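Thanks for coming. I have one model to walk through today, so let me put it on the screen.

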Amino acid sequence: MRVSSLCLIAIALVCVVAAMTLAPSAQGEEFPLQAGVTVAPSDEAVYGARVIACDRCIGAEEAVGAPDGRGAIVLAGGSVTLELARSISGCGLVVVWAAKGGWGAGKFRVYVSDNAETWEEIGGRTCTPHYRVYELDLDRGRAVRYVRIEHDGGWVSAVLVDALQAKGE
Ligand SMILES: [Ca+2]
């Protein structure tokens with residue numbers, strides 16, 4: 001009886017201590033969200049979140065999210081357009097995880113937009129058969145919410161787009 005009473009007291013003490021230690025951390029978890037609003041643009045890095053358009057491409061959803069080794073297949077003359085998880089006010093870099101399928105050169109060009117109506121080309125690359133990271137600088141930071149990857153040569157090739165990401169300056 002006495003032992004079980006001691007056990008109950010011990011359990012109660014553990015619960016109190018746990019509540020005291022959990023309470024501050026629970027509050028702490030809320031603060032980073034508030035701080036996230038004021039994070040500098042240089043800390044932003046956002047993946048594609050939603051397929052906006054898919055022209056002569058297969059499996060566009062494979063280009064959404066973080067790289068996972070599976071890509072949207074963009075055929076000759078085709079393109080895939082993604083909306084980012086959120087708009088980046090001062091985008092200075094677009095990163096594309098891509099590879100080539102088929103034969104010959106597998107080239108792509110990258111376009112960015114903040115409204116899905118006015119597009120600006122920021123450059124292009126030629127893919128290798130294995131997935132690689134391609135970085136395209138924007139010569140000046142600007143608001144970006146949409147990114148489009150266009151197949152741009154190597155007409156018996158496909159460009160495989162695993163993921164894309166926009167980063168702040
Ligand atoms: Ca993927």
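**One hairpin, then the rest**

Start at the hairpin of β3 and β4. It has 6 residues between the strands, and within this hairpin alanine 116 takes a positive phi near 65 degrees. Keep in mind that this is a predicted model.

Now the strands on either side. β3 covers residues 106-113, and β4 covers residues 120-127. They pair in the antiparallel sense, over 7 bridges. Valine 110 of the hairpin stands opposite glycine 123 in β4.

β3 has a second partner. That is β5, residues 132-151, again in the antiparallel sense, with 6 bridges. Two residue pairs will help you find the register. Tyrosine 111 stands opposite arginine 148 in β5. Phenylalanine 108 has histidine 151 of β5 as its bridge partner.

Which residues of β3 lie on the covered face, and which on the uncovered one? Gly106, Phe108, Val110 and Val112 make up the covered face. Lys107, Arg109, Tyr111 and Ser113 make up the uncovered one.

Next, β5 and β2. These two run antiparallel and are joined by 13 bridges. One pair to look for is serine 79, whose bridge partner in β5 is glutamate 150.

Stay on β5 for glycine 141, which is placed in that strand. Is glycine 141 buried or exposed? Neither label applies. Glycine 141 counts as partly exposed because 16 other C-beta atoms lie within 10 Å, and buried would take 20 or more, exposed 12 or fewer. Look across to glycine 90. The two glycines are 51 residues apart in sequence, yet 4.7 Å apart in space, C-alpha to C-alpha. Setting aside neighbours within four places in sequence, glycine 141 is in contact with Gly90, Cys91, Gly92 and Glu169.

On to the core. In soluble globular proteins, nonpolar side chains tend to be buried together. Here, the largest nonpolar core has 32 residues. Val147 and Val161 have the most contacts inside it. The elements giving two or more residues to this core are β2 (72-102), β3, β5 and β6 (157-168). β2 provides the largest share, 12 residues.

What does valine 161 touch, not counting residues up to four places away in sequence? The list is Ala63, Gly71, Ala72, Val74, Val80, Val96, Ala98 and Ile149.

Let me step back to the whole chain. The secondary structure comes to 1 helix and 6 strands. Along the sequence, the pattern reads α-β-β-β-β-β-β. The protein has 169 residues, and 29% of them count as buried. Now take contacts between residues at least 6 apart in sequence. Of those, 74% join residues at least 24 apart.

Last, confidence. The mean pLDDT is 82, and 75% of the residues reach 70 or more. Over residues 6-41, though, the pLDDT is below 50. That stretch has 6 contacts in the model beyond near neighbours in sequence.

To recap, β3 pairs with β4 over 7 bridges and with β5 over 6. β5 is also joined to β2, by 13 bridges. That is my tour.

Terms used
Residues are numbered from 1 along each chain as its sequence is written. This is a predicted model: local features need pLDDT of at least 70, side-chain atom pairs count only at pLDDT 80 or more; totals for chains, interfaces and linings use all residues. Helices (H or I, at least four residues) and strands (E, at least two) are DSSP runs, numbered from the N terminus. Two strands pair if DSSP finds at least two bridges between them. A nonpolar core is a set of buried Ala, Val, Leu, Ile, Met, Phe, Trp, Tyr and Cys residues joined through C-beta atoms within 7 Å. Two residues are in contact if their C-beta atoms, placed from the backbone, lie within 7 Å. pLDDT is the predictor's confidence in each residue, from 0 to 100.
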